[in-house]
Amino acid sequence: MLLRHTSKEVKVREGLTINPAKTCQPIGAMYAALGIHGCLPHSHGSQGCCSYHRSTLTRHYKEPVMAATSSFTEGASVFGGQANLLAAIDTIFAVYDPDIIAVHSTCLSETIGDDLQQITKKASDDGKIPEGKYVIYASTPSFVGSHVTGYSNMVAGIATQFAESTGVKKNQFNIIAGWMEPSDMREIKRLAKVMGINIVLFPDTSDVLDAPQTGKHVFYPKGGTTVDELKSSGDSLASLALGSISAEPAAISLEKKCKVPFETLDIPIGLTATDRFIMAISKVAGVTVPDEITADRGRLVDVMCDMEQYLHGKRVALFGDPDQILPLTEFLLDLSMKPLHIVSGTPGQKFEKQMRQLLDERSPETNFKSGLQADMFLLHQWMKNEPVDLLIGNTYGKYMARDEDIPFIRFGFPILDRIGHSYFPNVGYGGSLRLLEKILNVIMDRQDRDALEEKFELVM
Amino acid sequence: MEANIIIPDPAQVREELIQKYPAKVAKKRAKSIVINDPEIIPEVQANVRTVPGIITQRGCSYAGCKGVVLGPTRDIVNIVHGPIGCSFYAWLTRRNQTKPETLMDANYIPYCFSTDMQEENIVFGGEKKLKIAIQEAYDLFHPKSIAIFSTCPVGLIGDDVHAASREMKEKFGDCNVFGFSCEGYRGVSQSAGHHIANNGVFKHMVGRDNTPSEGKFKLNLLGEYNIGGDAFEIERIFEKVGITLVASFSGNSTVAAIENSHTADLNVILCHRSINYMGDMMETKYGIPWMKVNFVGAESTAKSLRKIGEYFGDEELKARIEAVIAEEAPKVKAVIEEILPRTKGKTAMLFVGGSRAHHYQDLFAELGMTTVAAGYEFAHRDDYEGRDVLPKIKVDADSKNIEELKIVADPELYNPRKTEAELEALKEKGLEINGYEGMMKQMTKKSLIVDDLSHYESEKLIEIYKPDIFCAGIKEKYVVQKMGIPLKQLHSYDYGGPYTGFEGAVNFYKDIDRMVNNPVWKLIKAPWETAGNGKGGELAASYVTQ
Ligand code: SF4
Ligand code: SF4
């Protein structure tokens, strides 16, 4: 047993987190900043954080992940990091020549009390920021929230620091991407195109973290939302924020700054969340849904009808990030499956309320916890008490899956041991169909593996 | 070793590397980029701060302390005191394999423990939460040891992890609790954390169990972390030749072994950078000499085994060592003979770690490949130039604050394993006791040495030298591969290995052959991107409507 010390008996913990179902803010900020074209994320703190965040993102994407650091040593920790950040800005523009430096803080600089707004202003006053270039920032203390919060803070920072309203509205909509993969962002853009609406999607990591092999390393890959697009987001007709934790704060700040009204939706994972997404577009833009999309939807429902016998009543344990696991839970319920245990390390009142509401209505017996000590250790203990047929979560789930000998689907962040998430979406009807295929595959493979010889089926 | 390949003029290369930097940065970087001369070894600037804004390979002190040195021992509950991230990222990402003897034996390596500090802990202090966490870990697991690691905010808010540890240790009575002040801002890289870890392990673990260890030839393996099973292969060889491994620091190791390690008669050091302090401290306190060895490379393994044989000076042991080498060699030879024609004459660059960039040059040499440039991520001058420079190294402000333990001979346990005369005799036989000659002596004249290589410099080097393989870590992996050059990770081995000993050498030969000769590198360009097609010339359709 790999997790041989995990006991069945659940004891309330108040100090110790074991096997967390979350990580820290800056990695989310770094990921979000990579979705801006020509942007170099910068970690304001000591080197370790930056190194860890780059490593984790690199393992997840198997792609270059460029980011710089203020390289604090003890002196900076005592006297403040202003000198380090100013020096870093000089070096970065001279050597790496980005259009934008997106600075995020770390535990260290937050504890010291470095004020990023003041330091970046000083950089600008001192003429350290070349003409036409930008230094933006987001405060991302890791002792608050999780990696999702950091993503959210950076996206909100991007929105407020770039969006401008010229007074003349443009015929376009903002879609603010909650934490999702480059493949998902690409799919969102495709769907918008098929629906016939103009959008500004931000952030957008497609063509950044799924860059093609060309024999050349392109430091600032072709993808990412451009500065012009971001500026114009203040003139959009409305914003659709995909995810109440990871995207809504940006929509709120856009509304405040540029009076762009918004609607918050779930990330369109699964049938009904995608329905709501398509309906929302249709409504806000006054466009009819093309047959192509209706047919895509029909194909997904077709498989749900045809394969329901393999899904019905199957018990699932899942862990991950709020904006992803909320629609996923709904999808599992639509598939007639039974999400039995759910944890998310990311706290969020609205999420908590929404999830509770969904579960109260459709699966009141589900164990659900989010926030502090909502970790994989607890999830595993629940699984030992009430076993499941399927586990869904990030790569760390494989230890539980192996010990308990249950099928496992990788979903969420980080996925360190498989590819696919960067290339094949989970969003939209097509993405949901792929997710469904994965679920069916592992469940049916298990049935094949466990079947007695006389019960082994050819046709299923 | 003489290079038989044409290499660019290193002086010019150096100019190109620093050209784009702002003047002050260029001046600083220039001192870390030197042209090697194995005869008169030049000075390399190392273990100094990275310039802010430079994209560096380096990590932090916490990574060196918890991740590298303490992490691999399976039965310590390692609680990271800080916000969640630091513990999360160090969770299982270093591939320290471990093999508990029974299904019941403790193994906490697959677990991640954190106090997950929240804002109120930062504002009002986190010691209380830490103590609760320690208590909960004790109640849940009843481990033999609990270690506490401080991350960046902890030092600043003034939490005393040592006091908290002492208090809990006394309270439990049967659990050793100790803390490390390894905040990420200490020192300039992982290296500070190695030192802090050495101090803590020496203070709180080594020497707690005086039971004499069994065996005739007893040694500790220092600085071997069982990445990819490296320690398993070394253990296999030791067992074959009849050497008793008392403790490994710290791959596949246990608390009990480390606590008993001072009963060994020799320390052999693999990764000099991360563990040399332990060798020195054990020598001073217990009289155990240390010797630098290298089990990376088949020839280096044989050489290291012979050195150990010579140290113990036992004819039977020496004979067994020769017999084992003779037995293992043919397998290795068969593989290298088959592969060599495909790898010979190729070039490599190694920029990694604090000792691997040196050790792996032996394997490349066995493959007939030349190392044209190399450097460490977090080493000190002695790792480059050899320990003779130690007295000349000036301790700067960043390293000053890392405690140097004052060690004296233990009044009861000090027992010099060799007399002065014996040590002299060994030296005469060419055994370097308590010494290390560093990387540069082994590298060719005019090869390039770069310490703390930056991203920018790595791209330049690749453009100029076009090496056949580049060795570094995960952050560099896909950057370099995007340039069409295979990158071998020498921290994680790209999830392969082991690479030590005889079996490891065979694995490495095969992996490098596979990588440098993989057909995929020739498939990068689409057929329509190459000359005579697509852009430029008029395209005529093969089939057209009339
Ligand atoms: S939790 Fe804080 S100190 Fe740790 S890696 Fe994250 S930002 Fe850095
Ligand atoms: S080999 Fe390198 S990575 Fe490993 S501990 Fe030593 S210095 Fe570190």
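Let's start at ligand 1, whose surroundings are made up of A:Cys24, A:Pro26, A:Cys49, A:His53, A:Thr106, A:Cys107, A:Ser142, B:Pro83, B:Gly85, B:Cys86 and B:Tyr89. Keep in mind as you look around that this is a predicted model. The site is shared between chains, because residues from both A and B surround ligand 1. Two helices each supply at least two residues of this shell: H2 (47-61) of chain A and H4 (84-89) of chain B. H4(B) gives the most, with three residues. Sorted by class, the shell around ligand 1 has seven nonpolar and four polar residues, and no charged ones.

Now step back to the space that holds this ligand. Ligand 1 sits in the largest cavity, which has a volume of about 180 Å³. Its lining counts 22 residues, and those nearest the centre are A:Gly48, A:Cys49, B:Cys86, B:Thr151 and B:Cys152. Both chains give helices to this lining: H2 and H5 (107-112) of chain A, along with H4 and H7 (152-157) of chain B, provide two or more residues each. The lining of the largest cavity has 14 nonpolar and eight polar residues, and again no charged residues appear.

How do the two chains meet? In terms of contacts, 82 residues of chain B touch 75 residues of chain A. Together the chains bury about 6,800 Å², with 63% of that area on carbon and sulfur atoms. B:Tyr89, B:Tyr111 and B:Lys482 supply 12% of the area that chain B buries against chain A, more than any other three residues. You have already seen B:Tyr89, as one of the residues around ligand 1.

Next, some enclosed space elsewhere. Rolling a probe the size of a water molecule over the atoms shows where empty space is left. A search of the whole structure turns up ten cavities of 30 Å³ or more. The second largest cavity contains about 80 Å³ of space. Its lining includes A:Arg54 from chain A, and chain B residues such as B:Ile55, B:Gln57, B:His455 and B:Glu476. Helices H19 (455-465) and H20 (474-482) of chain B each supply at least two residues here, and H20(B) has the largest share, with four. By class, the lining of the second largest cavity has four nonpolar, five polar and three charged residues.

Let's move on to ligand 2. Around this ligand you will find B:Val68, B:Tyr225, B:Cys271, B:Ser274, B:Gly353, B:Gly354, B:Ser355, B:Arg356, B:Phe378 and B:His491. This shell divides into four nonpolar residues, five polar residues and one charged residue.

Our last stop is an open site, the second largest pocket, with a volume of about 920 Å³. It is lined by 35 residues, and B:Asn47, B:His380, B:Ile393, B:Lys394 and B:Val395 are the closest to its centre. Four helices of chain B each bring at least two residues to this lining: H9 (190-204), H12 (272-286), H16 (381-385) and H17 (397-400). H12(B) gives the most, with five residues. The lining of this pocket has 13 nonpolar, ten polar and twelve charged residues, whereas the lining of the largest cavity has no charged residues.

Definitions and conventions
Residues numbered from 1 in each chain as written. Chains lettered and ligands numbered in written order. Predicted model: local features only at pLDDT ≥ 70, side-chain atom pairs only at ≥ 80, totals over all residues. Heavy atoms only, no water. Near = heavy atom within 4 Å. 1 Å grid on protein atoms, 1.4 Å probe; cavity = no way out; pocket = protein on both sides within 12 Å on 5 of 7 lines; lining within 4 Å. Sits in = over half its atoms within 2 Å of the grid points. Nonpolar A, V, L, I, M, F, W, Y, C, P; charged D, E, K, R; others polar. Points joined across faces, edges and corners; volume = space filled by probe spheres on them. Contact = heavy atoms within 4.5 Å. Buried area = accessible area lost by both parts, 1.4 Å probe.
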